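Trainee: I am new to this structure and would like a close look at a single part. Please take one loop, go through its backbone, and then place it beside other parts.

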Amino acid sequence: MKKNQDQVRVFTRRAFVIAGLQGALLGVLGGRLAWLQISQGARYKTLSDKNRINLKVLSPVRGEIVDRFGVPLAVNAQNFRALIIPEQAADIEQTLRRLQEMIELSEDDIQAVLKEAGKTAKFVPIEITDDLSWKDVAKIEVNLPDLPGLSTDAGKRRTYPFKEATAHLVGYVGAVSKNDVGDDPALSLPGFKIGKTGIEKRFDLEMRGSAGQAEVEVNVVGREVRELKKNQSRNGKRITLTIDGELQRFMQGRLSQEKSASAVVMDAHSGAVYALASAPSFDPNAFTSRISAAFWEELLANPAHPLTNKAVSGQYPPASTFKMISLLAGLQAGAVTENTTAFCKGHYELGSDRFHCWKRGGHGWVDCRKALQMSCDVYFYELATKVGIDKIAQVARMMGLGQSLDFELTEERAGLVPDKAWKRGKIGQKWQPGETVVASIGQGYLQATPLQLAVMTARLVNGGYAVKPWVTADGLAKNIMPESGWPKLGISPEHLSLIKTGMDRVVNDEKGTAYGSRADDPALAFGGKTGTGQVQRITMKQRMSGVKNEELQWKSRHHALFVGYAPLENPRYIASVVVEHGIGGSRTAAPLARDLLVETQKRNPGATPVHGQAQGAASPLKAKEPA
Amino acid sequence: MGQSIRLHTDQNMFEKLKHLNWGLILLITAVSCIGFAALYSAAGGNFSPWASKQMMRFGIAAIGMVIIAMIDLKWWFRLTWPLYFLGLGLLIVVEIMGHVGMGAQRWINLGFMQLQPSELMKIVIVMALARYFHAATIDDMRRLPFLVIPTLIILAPFALVLLQPDLGTSLMIVMVGAAILFMAGASIWLYIGGGVLALASVPVAWHFMHDYQKQRVLTFLNPESDPLGAGYHITQSKIALGSGGINGKGFLEGTQSRLNFLPEKQTDFIFTLWAEEQGLFGGVILLMLFGLIFLYGLLIALKSRQNFARYLALGLSINFSLYVFINIAMVMGLIPVVGAPLPLISYGGTSMLAALIGFGLMMSCSLHPDTKVSR
């Protein structure tokens, strides 16, 4: 019995030891729980939220672009896309191959997706195609279990209803490239497009809007369970252009008849651009999706540079269209007057150099009006020698040449107006008197864009106001016409009147260089000036043998230019045309300009205020209504 | 004699029911209800598929528990050896089936439930050792030859369970066995020696471990090394626990478990779910309920007047507490992931049945303090 009592005592003691151990272990567990939930609580809370909350970027809708009548030039059309998330696809290529059996998918597309998958993070969806039909979507959805990682969604695709006609002006959007990466979360959206050229590029930020954000709760496989928070995206701004879409389409069609040409039609008083185009062109809709390498190569290889907007970035010798500037410089310097005459015997001698007039045998006695009308070179050779290059350059710049005009297109180029200081600084040589002679007829170093030539013409015929070109009617551009109108340049009205008379005769006098291109309907008559820009020096041999310019290789032929205005009294519309290698201004550029000016006058876009613009101050087009 | 016993039992049916440890039953029910709530939440606010089934099992097992408690302890004393050998036999059957089938087979399909003999073995081994030590004296306990048979009693099921292979359960069998030897008065030196031996055998054990077992140990030692692979369970479990904070995320609001970041949330990781939703408050309350159950076991053992009852009650209580400690320590990242359920709470029939059988026997000890047990 005693032994059993010992036994019980030992048991009791040891039972308490065991109970103590149990209590201690419970304490350890409670302590660990408290440590995890109190000390580490915040850290684990963050980790838990990271687990469950995904940030989703909500795409903003890009602002539309419309013409002055509200006709859409760039819109967002509904489309369906196929996306793949590499992380969820066991084998991307296998999924794509299976997809290829269901929808049309080129080898190029597959390779492009595979290439992109190698570059981006595994959880970022990659756009496979954005051109699915509803039938394709249905096919994919049904087969989704066999297509790991694949998903479809409905999106918006930028569409340009005017196609080729607005390719350069409106531009196009394209995928975000490495250089474009910024803070904007929208840039990370799959298939997000930003403006690459033209208005799309210039006002990209305005039209892009701002991306929204949604916090969504996701489960362990990433499926969305519910939305926790949402900041709506803000859609982009709609851009209204001063363009007349139909006139633009007409211009593009007319330009396309030449191998390579560009033109501008603008308002002489306000500077609003009605049409601005470059040919050859391309369909910008091809750029909003993945374009084929072959198509791209073809565009790049074309000698007529279809991707370039020649109306603002083509720089040409202004040739005889520059003669108005030379004349104005001569009149202002007092080197010539209304009645000063010169005798053209077909060439002009300066020292030992001989400079030829375009007309063999010469024009005989010419005054300033005749000099413009018949485009006599010798008259201007003589004038320029008296005036000097610096005064000519000064007038040229005053009229808008040789500088950027703050136009809305980033592709705008500045051209070049040379003078003595420029040559010394840039080439490091002294200016030669012969170079002044060459410059007087718009050759040599002189370079001007079709847009600049249009502005130059506008300033000549609008009474001498320093008009600048602009194409967005929303007050976005910095060079929109001031409320008080464009500043006066201080040119004598008599001088301007003389020049205008000369330009009138170029077209409407039977001895004018563009008489053959005059308007059939006298009510739609216009004035202007032809120009023929030398691309290659005419050798003595060619001059003697009388090789015709059209017999040369296309690349060696002269550029053809024309600047014009209409109507003859109180001009409102300005046209500037350059036909690359078009042989002669009167031959190709003048007829083209006639067609543009006639069509413009018929449509008379300037008579209607821009769509959606309030009357009065915000309508610069009205401010300068001719009296 | 048999006649009188039956008469005696009949007369005391209501008496026995009255003297049943209602406090313990209340505690068990409370803990089980926490389990039902957690299972309801694990299913996203649904009784199916887990909570309803678990409640049914609890109901059936609770009836079994009361029946076991009412059966006179002497019958359990007498049934010990047959039950022990039946358990061993079932383990062998499972072993053979495992060889016939594929991989590690641990259960026998009884149709209405899948029986894991190793779970029952954990109870039966407590009975066997309690019975063996029932008449032992302090002097007996100090004689090493006397300890050969209990060692064999432990080692036979240990070896069979280890072969399954189920390292966790086999180690628990050894721990329970060692605990009963300890309470029966085995020398402290045995434990010190055993501890040293265990440490020395770690490299050897490592050599014989399966790859997945090695991986579990390695992952335990550094779970962050592979948070999406083998360390996923531990990492996600700790995130769930920690993010619960003091007050918890609220009932049905446990994001980790509801969004499936937490694996096996209805079985091994159910404590995590509970503590994520109910926070430190809920976690500590559950720990305290478990503590009270342990205390109940201790009290029954201390109040017993026979060695068999003492060893049985305390041994079963230790058995139960081992489950609790191992499971909770595992989900908190204190020990490697071993795949042990949390008794009364984790979804699973065998686990619930084993726990309630244990409590039934414990209560039988309490209900029959004066019954004459004999060899």
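Mentor: The model is a predicted one. Start with Ile583(A), which counts as partly exposed because 19 C-beta neighbours lie inside 10 Å, where 20 or more would make a residue buried. Ile583(A) sits in the loop between S19 and helix H20 (585–603) of chain A. The phi of Ile583(A) is positive, about 75°, although the residue is not a glycine. As background, most residues other than glycine have a negative phi, and most peptide bonds are trans.

Now go to the loop between S18 and S19 of chain A, where Asn570(A) is found. Asn570(A) is not a glycine either, yet has a positive phi of about 50°. Asn570(A) is partly exposed because 13 other C-beta atoms lie within 10 Å, and 12 or fewer would make a residue exposed. The loop between strand S18 (559–566) and strand S19 (573–579) of chain A also holds Pro567(A). The peptide bond that leads from Ala566(A) into Pro567(A) is cis, and its omega is near -10°.

Chain B has a cis bond as well: the one from Ser48(B) to Pro49(B), with omega near 5°. Pro49(B) lies in a loop between two helices of chain B, H3 (22–42) and H4 (51–70).

For a part with buried residues, turn to helix H16 of chain A, which covers residues 433–440. Thr436(A), Val437(A), Val438(A), Ala439(A) and Ser440(A) are buried there. The cover over the buried residues of H16(A) includes three helices of chain A, namely H11 (323–333), H13 (377–387) and H14 (389–398). Strands S14 (347–350) and S15 (353–356) of chain A are also among what covers them. After H16(A) comes Gly442(A), with a positive phi near 75°.

Last, consider where the chains meet. Chain A gives 34 residues to the contact and chain B gives 41. On the side of chain A that touches chain B, the elements that give two or more residues are helix H1 (2–39) and helix H2 (41–52) of chain A. H1(A) supplies the largest share of that side, 21 residues. Sorted by class, the side of chain A that touches chain B has 16 nonpolar, ten polar and eight charged residues.

Key
Residues are numbered from 1 along each chain as its sequence is written. Chains are lettered from A and ligands numbered from 1 in the order in which they are written. This is a predicted model: local features need pLDDT of at least 70, side-chain atom pairs count only at pLDDT 80 or more; totals for chains, interfaces and linings use all residues. Helices (H or I, at least four residues) and strands (E, at least two) are DSSP runs, numbered from the N terminus. Two residues are in contact if their C-beta atoms, placed from the backbone, lie within 7 Å. Ala, Val, Leu, Ile, Met, Phe, Trp, Tyr, Cys and Pro count as nonpolar, Asp, Glu, Lys and Arg as charged, and the others, Gly among them, as polar.
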